[in-house]
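Q: Could you take a close look at one part of this model for me, the way its helices pack against each other? I'd like a connected walk through it rather than a list.

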Amino acid sequence: MNQFVRRFQWPLMTIMFVSGCAFLLKMCYLSLAFNTVFAVVYLTSFYLFVRARYEFTVPPVLLGLVLAGAEVDALGNYFRMYGNQFGPMQYDEFAHMSIQVLVTPLVVWLVSAALEKFGQRLSLGFTTFFAGVTVFGLSAFYEIIELWDELYFGGHRIWSTHDTAKDLQFDLSGIVLGALLAYALLRQVSMREGRKVPV
């Protein structure tokens, strides 16, 4: 399997990228069951690909957090929460913030593991910052996907002139919280394993 993945890594990565973008484009119009099954299959494929190609074993708990993030969006669509108040904020704002809190630890772990594998020794703080910037870039790309849905596919996901800026604001808040959580957890794991990790 490892040889197959190494040989066809670029087609496999292209398939994963395109299918991920297509899912993000249409997920708000799909059923809760489909979104959940797709997320489980996609995350399992990601786990197997990364393990076969890069010999990383992604902690399942981090993939579980990403799945929980997908469920925040899927449940919001299923119960028609978008556009409604959810505690002190709109559900859209809550979703953007909580999804980033749940996704950021995986990206921090991946960046940290990749740097370590390729012999780079950066401080955990800088690694966390770099991963946070990466997640924010992905969040901005998601806003472009929303724009494409609106312009080319007849969707209605941009509710006001400030929608994108508000989304990015709550994305940033979630990323900061997720990065702080990931930093604390990775530092604790490193100390438990007796490794000296630059702060």
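**Helix packing, up close**

A: Let's start where α5 meets α6: the two helices cross with right-handed geometry. Keep in mind throughout that this is a predicted model. The axes of α5 and α6 come within 8 Å, and the crossing angle is roughly 130°. That angle isn't over 145°, the cut-off for roughly antiparallel, so α5 and α6 count as oblique to each other. On the α5 side, the contact is built from H96, Q100, T104, V107, V108, V111, S112 and L115, while α6 brings T127, T128, F130, A131, V135, S139, Y142, E143 and E146. Sort those residues by class and you get eight nonpolar, seven polar and two charged.

One residue in that contact deserves a closer look. S139 sits in helix α6, which covers residues 124–152. With a relative accessible area of just 4%, S139 is buried. Leaving out residues up to four places away in sequence, S139 touches Q100, L168, D171 and I175. Q100 belongs to the α5 side of the α5 and α6 contact.

Next to S139 in the numbering comes A140, also in helix α6. A140 has 28% relative accessibility, so it counts as partly exposed. If you want a long-range distance to check, take A140 and V189: they are 49 residues apart in sequence, and their C-alpha atoms are 31 Å apart in space.

Now over to the other partner of α5. Helix α4 (residues 60–78) and helix α5 (residues 91–117) have axes that come within 8 Å and cross at roughly 165°. That makes α4 roughly antiparallel to α5. The handedness here is left-handed. From α4, the contact takes in L62, L63, L65, V66, A68, G69, V72, D73 and G76; from α5, it takes in Y91, F94, A95, S98, I99, L102, V103, P105, L106 and W109. By class, this contact of α4 with α5 splits into 15 nonpolar residues, three polar and one charged.

α4 also packs against α3. The axes of α3 and α4 are 10 Å apart, at an angle of about 160°. These two helices are therefore roughly antiparallel as well. As for handedness, α3 passes α4 in a right-handed crossing. In α3, the residues involved are L32, N35, T36, A39, V40, L43, F46 and Y47, and in α4 they meet L63, V66, L67, A70, E71, A74, L75 and Y78. That contact of α3 with α4 holds 13 nonpolar, two polar and one charged residues. L63 and V66 of α4 turn up in the contact with α5 and in the contact with α3.

On to the rings. The structure holds 14 aromatic pairs. One of them is F38 with Y42, a stacked pair with centres 5.7 Å apart and 20° between the planes. Both F38 and Y42 lie in helix α3 (residues 32–54), and they are four residues apart, about one turn of the helix. Y42 has 26% relative accessibility, so it is partly exposed. For comparison, take Y91 and F94: their ring centres are 5.5 Å apart and their planes are at 50°, so this pair is tilted. Y91 and F94 both lie in helix α5, three residues apart, again about one turn of the helix. Their accessibilities fall in separate classes: Y91 is buried at 6%, whereas F94 is partly exposed at 25%. Both Y91 and F94 are also part of the α5 side of the contact with α4. Back with F38 and Y42, ring pairs link F23, F34, F38 and Y42 into a cluster.

Last, a look at the backbone in the loops. Most residues other than glycine have a negative phi. E55 has a positive phi, near 60°. E55 is found in the loop between α3 and α4, and at 53% relative accessible area it is exposed. R80 has a positive phi too, near 55°. R80 lies in the loop between α4 and β1 (85–86), and with a relative accessible area of 66% it is exposed.

Terms used
Residues are numbered from 1 along each chain as its sequence is written. This is a predicted model: local features need pLDDT of at least 70, side-chain atom pairs count only at pLDDT 80 or more; totals for chains, interfaces and linings use all residues. Side-chain values use heavy atoms; hydrogens and water are left out. Axes are lines fitted to C-alpha atoms, for helices over the stretch in contact, and angles run from 0 to 180 degrees between N-to-C directions. Angles under 35 degrees count as roughly parallel, over 145 as roughly antiparallel, 65 to 115 as roughly perpendicular and the rest as oblique. A crossing is left-handed if the near helix is turned anticlockwise from the far one by less than a right angle, and right-handed if clockwise. Contact means heavy atoms within 4.5 Å. Ala, Val, Leu, Ile, Met, Phe, Trp, Tyr, Cys and Pro count as nonpolar, Asp, Glu, Lys and Arg as charged, and the others, Gly among them, as polar. Rings of Phe, Tyr and Trp (its six-membered ring) pair if their centres lie within 6.5 Å; planes under 30 degrees apart count as stacked, over 60 as edge-to-face and the rest as tilted. Buried means under 20% relative accessible area, exposed over 50%, partly exposed in between (1.4 Å probe, protein chains only).
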